[in-house]
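Reader: Hello! I would like a close look at the sheets in this model, and then at the packing around them. Could you take me through that part in one connected answer?

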Amino acid sequence: MFVPISTFHGSGMSPTSDPAASDTAERHLDLIVKISTDQDKDAFAELFQWFGPRVKAMMLKLGANNDLAEDLMQDTMMTVWMKAGQFASWKGSAGAWIFTIARNKRIDRFRRQSTRHYVDVDGMEFADDSPDGEDMVLADERDRIVSNATAGLPEELREIVRLAFVEEKSQTEIASELGIPLGTVKSRTRRAYQKIRDELEDVL
Amino acid sequence: MNTTHHPDEATLMEYAAGTLDEAFAVTVSCHLEICPDCRKSVRAAEAMGGAMLCEQVGAPVAEGSFGRLLEKISAASGEGGNTAPAVMEQVQPQSPGSVLPAALGSYIGRNVDEIRWKRIGPGVWQHPIRLSDGAKSSLRLLRIAPGRSVPEHGHGGQEITLILSGAYRDEIGYFGPGDVADLDEDIEHQPRVVSDEDCICLAATEKPTRFKSLAGRLLQPFVGI
């Protein structure tokens with residue numbers, strides 16, 4: 001279903017939208033800007049206080065012990081500090097950006113495989129992707145849409161997304177864990193993706 | 001670059017989640033370099049990852065965690081480490097065929113002319129690409145002469161092929177530069193090169209592929225695909 005952005009403005013607020021979550025997302029954008037322009041340690045402390053425990057929780061869920069989870073969280077947050085300047089050209093929320101940093105850290109550490117392929121694409125600015133003026137305005141809308149859409153996924157789809165993105169399970173592993181055919185995991189994954197993509201169509 | 005065939009959405013989701021094995025992740029990366037649509041798709045999927053992260057109930061960080069992090073940061077700057085915002089590398093998407101995709105650069109460089117091809121059959125050459133020790137998938141470049149075909153084969157698992165130059169046609173359709181054939185194990189196909197030049201493609205496979213025809217089975221030990 002395509003939801004026009006205007007639906008979310010003014011009194012036409014979606015019943016499932018969460019203004020508090022959106023304020024938080026907007027605050028995170030401000031904090032990252034302060035970190036990149038002023039090397040603002042107070043802003044960094046606030047961002048750390050919010051994301052540090054969440055990143056650590058994800059690392060624990062995918063099987064890291066407490067020390068390793070702490071270490072990966074510190075690595076992730078250090079990269080957030082060092083690369084804050086690149087955030088401006090990232091077309092997404094602070095949460096999505098930090099998710100990708102954490103993802104790359106865990107691939108690096110657990111699989112002992114090169115993350116160059118991820119770095120290569122994430123670290124590049126493609127000539128045809130240059131950010132336009134509306135990006136920062138849209139970031140807020142986009143964040144609210146994604147949070148609502150993710151939270152509103154039917155449980156059987158949410159489960160698949162959670163296992164993949166939080167527990168870092170491959171589709172084959174998910175199929176065997178849930179005792180369902182691989183094809184079913186794939187079709188649920190596609191359905192989850194399409195729900196998000198449809199709603200994001202105008203703000204990506 | 002307008003491509004017709006893209007990775008399956010389920011594959012792009014795995015890429016975004018970070019759960020694709022190395023050969024597949026590299027192949028998808030190479031496609032992303034030239035496909036703005038799929039880059040958008042990956043961004044949408046990563047946004048879902050961001051939402052999942054934000055929903056987490058936090059786990060307590062170690063006592064003094066933030067202080068230690070600040071010490072690490074100042075130590076890194078004290079050592080001349082660069083904590084200033086890094087400058088983004090501007091990458092002009094290349095038309096495939098002129099040079100290899102950037103994502104292959106760290107593996108085999110980017111110059112097609114420097115590839116050492118090994119002939120594995122009439123009109124078919126390959127160049128295996130060495131991956132990390134833990135990789136469960138394998139990656140190779142294939143070069144197939146005009147009019148030649150790879151023996152009809154089913155797959156022992158997933159197979160993702162990216163066309164870098166030239167073109168082939170199979171039961172599914174026409175695949176030109178930038179196109180991706182994202183096939184699961186049920187698919188059997190027999191691609192035939194239809195371009196005037198050799199077709200060079202990057203192929204990621206999960207398990208050894210089994211050829212159906214006798215010739216294919218005889219060829220398999222040499223092809224290794």
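Author: Happily; the sheets come first, and the helices and the core follow.

This is a predicted model, so local features need pLDDT of at least 70 and side-chain atom pairs count only at pLDDT 80 or more, while totals for chains, interfaces and linings use all residues. Residues are numbered from 1 along each chain as its sequence is written, with chains lettered from A and ligands numbered from 1 in the order in which they are written.

Let us start with the six-stranded sheet. In chain B, six strands form an open sheet in the order 2-3-4-11-6-9, with antiparallel pairing. Strands here are DSSP runs of E with at least two residues, and helices are runs of H or I with at least four, numbered from the N terminus. Two strands pair if DSSP finds at least two bridges between them. Strand 2 (118-121) and strand 9 (180-183) of chain B are at the edges with a single partner strand each, so one side of each has no neighbour in the sheet. From one strand to the next, the twist averages 25 degrees.

Now for strand 4 (residues 138-144) of chain B: six of its seven residues are buried, so it is largely enclosed by the rest of the structure. A residue is buried if 20 or more other C-beta atoms lie within 10 Å of its own, exposed if 12 or fewer, and partly exposed in between, with C-beta atoms placed from the backbone. Strand 4 of chain B pairs with strand 3 (residues 124-129) of chain B over six bridges, in the antiparallel sense; here Val124(B) has Ile144(B) as its bridge partner. Strand 4 of chain B is also joined to strand 11 (residues 199-205) of chain B by seven bridges, again antiparallel, and Ser138(B) stands opposite Thr205(B). Further along, strand 6 (residues 159-165) of chain B pairs with strand 9 of chain B over four bridges, in the antiparallel sense, with Asp182(B) as the bridge partner of Ile160(B).

Chain B also has an open sheet of three strands, ordered 8-7-10 with antiparallel pairing. Its edge strands, strand 8 (174-175) and strand 10 (192-193) of chain B, each pair on one side only. Two bridges link strand 7 (residues 168-169) of chain B to strand 8 of chain B, and Tyr168(B) has Phe175(B) as its bridge partner.

Chain A, by contrast, comes to nine helices and one strand. Its helix 7 (residues 155-165) packs against helix 3 of chain B at an angle of about 90 degrees, with the axes 10 Å apart. Axes are lines fitted to C-alpha atoms, for helices over the stretch in contact, and angles run from 0 to 180 degrees between N-to-C directions. The two helices are therefore roughly perpendicular, a label for angles of 65 to 115 degrees. Val161(A), Arg162(A) and Phe165(A) meet Met48(B), Gly49(B) and Met52(B) in this contact, where contact puts C-beta atoms, placed from the backbone, within 7 Å.

Met48(B) leads us to the largest nonpolar core, of 96 residues, where Met48(B), Ile98(A), Ile196(A) and Cys201(B) have the most contacts. Helix 3 (residues 36-55) of chain B gives the most to this core, with ten residues. Such a core is a set of buried Ala, Val, Leu, Ile, Met, Phe, Trp, Tyr and Cys residues joined through C-beta atoms within 7 Å.

Technical notes
Angles under 35 degrees count as roughly parallel, over 145 as roughly antiparallel, 65 to 115 as roughly perpendicular and the rest as oblique. Two residues are in contact if their C-beta atoms, placed from the backbone, lie within 7 Å.
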